[in-house]
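Colleague: Could you walk me through this model? I would like to hear the reasoning behind each point.

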Amino acid sequence: MNHPKTLKNSNYRDTILPHTLQGQETQSEDGEALEKSQAQQINHVPLARPNTLQKTKHHFEAGQGRVGDSKLRNLRFPVIPSPSETGSPVEILWQKYHLIFSSDQAGTGIIAHDNTIDHNIVVVKKLKVQVSSVQRRQLSQILQDNPTNVVRLLDIFTGTFSTRPVYEYLETSLYHVKAASREEITEIELAIISKEVLQGLQYIHNQLGIVYGQLNARNLLLSFYTGDLKLANIADSVLQPTSMSFDDDIRASLQLTREEDVSELCRDFIKMTGKSSVAELLENDFLLKSPGVGRLRVFVCRAMEYAAKFKG
């Protein structure tokens, strides 16, 4: 098999325009070997120094979409691969993204960066499932919609025996927030969390017509920069359907708000478990206490510090 062309700097690979749903996996064994080889290198191969932009008179070749100068090629612009540079979905994945290390981001994943000048950080997951035509349409919809309270699905690479979704990277989880700041969490934070979770469930239930089925503190990720709280691993919900119901999702969401010494208003909200739809819960007066997600940024900062100390 002809492997993709690589640059002189072996730590980087040619890049391509964004892929959505790839075709069937060919030569999958070679692709798997490539992925394993990359994983083995992460502990002892240092990251290359980022290239810097320099003025140049060269331009892209007209109508080709490829870089026409070797200096430009090193600037990591996204380009269309030539026919000889294409391969299996796994090979294309690692042409577009560069592996950094393995980590726990709502479950085991690979932290990587894309091969653009911005080096955007992403999380690559792996599911040993095949994708049906219905699931393919659902995933395409998620890629297009980019729902606010669902961790953004950036890419998905589908093969014969496995599927690899690529997500945005978020800094911490609600689990770590609670561990670092349990005593400081008030009803205001509970209202924020409940509102954001219910908005995510509303999209999944109404727009995708599926059950989320994996609602817990570890699967709720938060961004330090925006304060957003998002439901993780949406591809799992699509590709690995659960026997749970919409009501089960709602009950799980309200369990996240169950705290001691809450007000009567909060208790009434919790009692609505199993009696109300997501839309009705979103109209509850308790959620009026939410001032917006920005308030969560302080708790995210504490959680990041807590996680750093815990690892150390």
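**A friendly walk through the model**

Modeller: Let's begin with Lys126, a residue of the loop between E3 and H4. Helices (H or I, at least four residues) and strands (E, at least two) are DSSP runs, numbered from the N terminus. This is a predicted model in which local features need pLDDT of at least 70 and side-chain atom pairs count only at pLDDT 80 or more, while totals for chains, interfaces and linings use all residues. Residues are numbered from 1 along each chain as its sequence is written, and side-chain values use heavy atoms, with hydrogens and water left out.

Colleague: How does Lys126 count by relative accessibility: buried, partly exposed or exposed?

Modeller: Buried means under 20% relative accessible area, exposed over 50%, and partly exposed in between (1.4 Å probe, protein chains only). Lys126 has 40% relative accessibility, so this residue counts as partly exposed.

Colleague: How far apart in space are Lys126 and Ile110, C-alpha to C-alpha?

Modeller: In sequence, 16 residues separate the two. In space, the C-alpha atoms of Lys126 and Ile110 are apart by 9.0 Å.

Colleague: Which residue is the bridge partner of Leu99 in E2?

Modeller: Two strands pair if DSSP finds at least two bridges between them. Strand E1 (residues 97–104) and E2 run antiparallel and are joined by seven bridges. Strand E2 (residues 108–114) is mostly covered, with six of its seven residues buried. Within E2, the partner of Leu99 is Ala112.

Colleague: And which residue in E3 does His113 stand opposite?

Modeller: E2 also runs antiparallel to strand E3 (residues 121–124), with four bridges between them. The hairpin of E2 and E3 has six residues between the strands, and His119 there takes a positive phi near 50°. Across from His113 in E3 stands Ile121.

Colleague: On to H4: what distance separates the end C-alpha atoms of this helix?

Modeller: The expected span of a helix is 1.5 Å times one less than its number of residues. Helix H4 (residues 133–145) has 13 residues and should therefore span 18 Å. The model agrees, because the end C-alpha atoms are apart by 18 Å.

Colleague: Within what arc do the buried residues of H4 fall?

Modeller: The buried residues here are Gln135, Gln138, Leu139, Ile142 and Leu143. Seen down the axis of H4, they line one face of the helix, because the arc, taken from the directions from the helix axis to the C-beta atoms, is within 140°.

Colleague: Which exposed residues does the face of H4 turned away from its buried side carry?

Modeller: The buried residues have cover that includes strand E4 (153–158), helix H6 (187–208) and helix H7 (234–239), where contact means heavy atoms within 4.5 Å. The face turned away from that buried side carries Arg137 and Gln144.

Colleague: How many residues apart in sequence are the parts that Glu168 and Lys230 tie together?

Modeller: A salt bridge is a side-chain nitrogen of Lys or Arg within 4 Å of a carboxyl oxygen of Asp or Glu, and the whole structure has six. The side chains of Glu168 and Lys230 meet in one of them, at 2.7 Å, N to O. Glu168 lies in strand E5 (residues 163–168) and Lys230 in strand E8 (residues 229–231), so the separation of the parts they tie together, in residues, is 62.

Colleague: How does Glu189, which pairs with Arg295, count: buried or exposed?

Modeller: In the salt bridge of Arg295 with Glu189, the closest N and O atoms are 2.2 Å apart. Arg295 lies in the loop between H10 and H11 and Glu189 in helix H6, so the pair ties together parts that are 106 residues apart in sequence. Arg295, at 38% relative accessibility, counts as partly exposed. Glu189, at 1%, counts as buried.

Colleague: Which strands stand at the edges of the open sheet of E6, E7 and E8?

Modeller: The order is E6-E7-E8, with antiparallel pairing. Two strands each have a single partner, so one side of each is left without a neighbour in the sheet; these edge strands are E6 (172–173) and E8.

Colleague: Last one: at about what angle to E8 does H6 run?

Modeller: Axes are lines fitted to C-alpha atoms, for helices over the stretch in contact, and angles run from 0 to 180 degrees between N-to-C directions. H6 lies across E7 and E8, and its angle to E8 is about 35°.
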